[in-house]
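Hello,

Here is the structure I promised to pass on to you. Please have a look at it first, and then read my notes below.

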Amino acid sequence: MSLTSKSLLAQSPLGFHRIAYSEWGVVTDKTPVLCVHALTRNKRDFDRLAAELQKTTKIFCPDIIGRGESDWLKDPSLYSYPQYGNDCAYGRAKRGLGWHLDGRDYRDADRGAAQQSHPSFGAE
């Protein structure tokens, strides 16, 4: 199994933008893994990790807007954690799957966006 490059449309206040992502592995009963790169990096940072994890689960590695192969926003002021979190939450919703999130800079933004949309997210 190897990576497949895909994209999806997400939305900002000024319209739609394309989010590129790598998809690895096969669908199993395990929760998929979402690997989110740091601010100045890209989806390929997770190639080695995803190559190993793909044996037992599905892995998604997006290029955050303005990075890698994803679109740039028309208004630079929109590059913010709420937008990054919304894009991650939209990607999860579009795939209809829950996620384990691996990443540093965006983890809290994604969790916050998910909790705004779905207050029970993360509740134990």
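Below is what I found, going from the whole chain to single residues.

Please keep in mind that this is a predicted model.

**The chain as a whole**

The chain contains three helices and five strands. Read from the N terminus, its elements come in the order β-β-β-α-β-α-β-α. Of the 124 residues in the chain, 42% are buried. Among contacts with a separation of 6 or more, 65% join residues that are 24 or more positions apart. The exposed surface comes to about 7,200 Å², and carbon and sulfur atoms supply 52% of that.

**Aromatic pairs**

You will find three aromatic pairs in the structure. One of them is formed by Y21 and F60: the ring centres are 6.1 Å apart and the planes stand at 50°, so this pair is tilted. Y21 belongs to strand 2 (residues 15-24) and F60 to strand 4 (residues 59-62), so the pair ties together parts that are 39 residues apart in sequence. Both Y21 and F60 are buried.

Another pair is Y81 with Y84, and this one is edge-to-face, with 6.0 Å from centre to centre and 85° between the planes. Y81 and Y84 are three residues apart in helix 2 (residues 81-95), so about one helical turn separates them. Are these two residues buried or exposed? Y84 has a relative accessible area of 5% and is therefore buried, whereas Y81, at 43%, is partly exposed.

**H37 in its loop**

H37 sits in the loop between strand 3 (33-36) and helix 1 (47-53). Its relative accessibility is 0%, so H37 counts as buried. What does the side chain of H37 reach? It reaches the backbone oxygen of R41, at 3.3 Å. In addition, a polar atom of the H37 side chain lies 2.9 Å from the backbone nitrogen of I64.

**T4 in strand 1**

T4 is part of strand 1 (residues 4-12). With a relative accessible area of 37%, T4 is partly exposed. Setting aside neighbours within four places in sequence, T4 is in contact with Y21, S22 and E23. Y21 is thus a residue you have already met, in the tilted pair with F60. As for E23, it is 19 residues from T4 in sequence, yet the two C-alpha atoms are 5.2 Å apart in space.

Happy viewing, and best wishes!

Terms used. Residues numbered from 1 in each chain as written. Predicted model: local features only at pLDDT ≥ 70, side-chain atom pairs only at ≥ 80, totals over all residues. Heavy atoms only, no water. Helix = DSSP H or I, 4+ residues; strand = E, 2+ residues; numbered from the N terminus. Buried < 20%, exposed > 50% of the residue type's maximum accessible area, 1.4 Å probe, protein only. Polar contact = N/O pair within 3.5 Å; in protein donor to acceptor, adjacent residues only side chain to side chain. Contact = heavy atoms within 4.5 Å. Areas by Shrake-Rupley, 256 points an atom, 1.4 Å probe, with all protein chains shown as cover. Phe/Tyr/Trp six-rings, centres within 6.5 Å; stacked < 30°, edge-to-face > 60°.
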